[in-house]
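This report concerns the salt bridges of a single structure and the solvent exposure of the residues that form them.

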Amino acid sequence: MTELSAAHDAAVTDRGRLAGSAYSSGRDLAARQSLYQWQAPRYDLPGIVAEQLSGVRNRGRVVDVGCGNGKFIQRLRDDRPDLALLGLDIAPGILAGVPGPVAVADATRLPLATASVDAALALHMLYHVPDILQAVRELSRVLARDGLVIASTNSDRDKAELDELWQRAAGDVLGTGRGPARISLSARFSLEKAPAFLSEEFGRVETIELPGTITVHDPEPVIAHMASYRAWADQHDVPFEATIERARAILVDHIAQHGVFEITCLGGILVCRR
């Protein structure tokens with residue numbers, strides 16, 4: 001591992017940063033989630049998760065590990081009020097608005113008995129865990145014999161246009177032509193890497209890819225998404241706010257010329273069984 005990649009991993013997994021700034025509230029996570037309302041095709045990701053849980057029995061126990069702002073728990077409460085739901089997250093602040101029972105917990109030391117849940121969710125969060133394999137072992141440990149784990153993440157190829165936009169804007173700010181890459185949260189547990197981690201504990205890992213294109217006619221949704229990474233501003237090796245403002249100017253010009261700005265997306269979910 002290079003010094004640069006080690007610093008990246010440390011920043012993405014630092015508990016103080018995650019709990020103290022990145023997820024101290026739901027603001028930045030909501031900004032990242034909101035960009036998908038301009039994606040086609042539109043995927044109802046909470047609905048897809050609910051459908052995957054259709055086989056979980058009445059009063060079945062489901063834990064959402066790294067539940068964030070509770071987007072999935074809220075949907076499950078609406079669609080499956082028969083389930084016993086528990087939300088866990090490492091960041092106390094983001095749990096404030098999550099409905100129902102919640103607790104602060106570390107994914108590598110889940111406060112749950114062995115074989116005590118019928119399903120476990122790990123949605124867009126395993127890349128934040130320092131020891132991903134240990135977290136996968138914990139998910140397996142707490143899962144009942146016939147249960148399932150649903151994980152999600154993004155591809156290494158996801159939103160390449162945003163990476164290009166950031167590097168162009170950073171290069172303009174620095175006067176170097178092309179600036180350093182922006183931080184990638186999902187790189188440690190991308191859609192390409194995830195099956196190898198999950199297969200350590202689960203004999204069946206099904207990947208469901210969810211490709212799409214985000215099309216915007218206004219720069220602000222994209223800028224809000226990019227600015228939501230402010231907790232990692234020190235990792236970008238460039239003045240963060242200045243780069244955001246330069247990116248806005250580039251987007252304004254691009255949309256004036258082409259009418260739209262398009263972003264190619266590739267995320268997915270992984271359904272795991274023993």
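In this predicted model, aspartate 82 pairs with arginine 80 in a salt bridge whose closest N and O atoms are 2.7 Å apart. The two partners fall into separate exposure classes: aspartate 82 is partly exposed, at 24% relative accessible area, whereas arginine 80 is buried because its 13% lies under the 20% limit.

A salt bridge also joins the side chains of aspartate 158 and lysine 159, with an N to O distance of 2.7 Å. Here aspartate 158 is buried, at 9% relative accessibility, and lysine 159 is buried as well, at 3%.

A further salt bridge links glutamate 220 to arginine 248, and its closest N and O atoms are 3.0 Å apart. Glutamate 220 belongs to helix 9 (residues 220-227) and arginine 248 to helix 10 (residues 240-258), so this pair ties together parts that are 28 residues apart in sequence. Glutamate 220 is partly exposed, with a relative accessibility of 36%, and arginine 248 is partly exposed at 21%.

Some salt bridges share partners: Arg15, Asp106 and Arg109 are joined in this way into one network. In total, the count comes to 20 salt bridges.

The distances for the three pairs described above are collected here.

| Salt bridge | Closest N and O atoms |
|---|---|
| Aspartate 82 and arginine 80 | 2.7 Å |
| Aspartate 158 and lysine 159 | 2.7 Å |
| Glutamate 220 and arginine 248 | 3.0 Å |

Note on methods. Residues numbered from 1 in each chain as written. Predicted model: local features only at pLDDT ≥ 70, side-chain atom pairs only at ≥ 80, totals over all residues. Heavy atoms only, no water. Salt bridge = Lys/Arg side-chain N within 4 Å of Asp/Glu carboxyl O. Buried < 20%, exposed > 50% of the residue type's maximum accessible area, 1.4 Å probe, protein only. Helix = DSSP H or I, 4+ residues; strand = E, 2+ residues; numbered from the N terminus.
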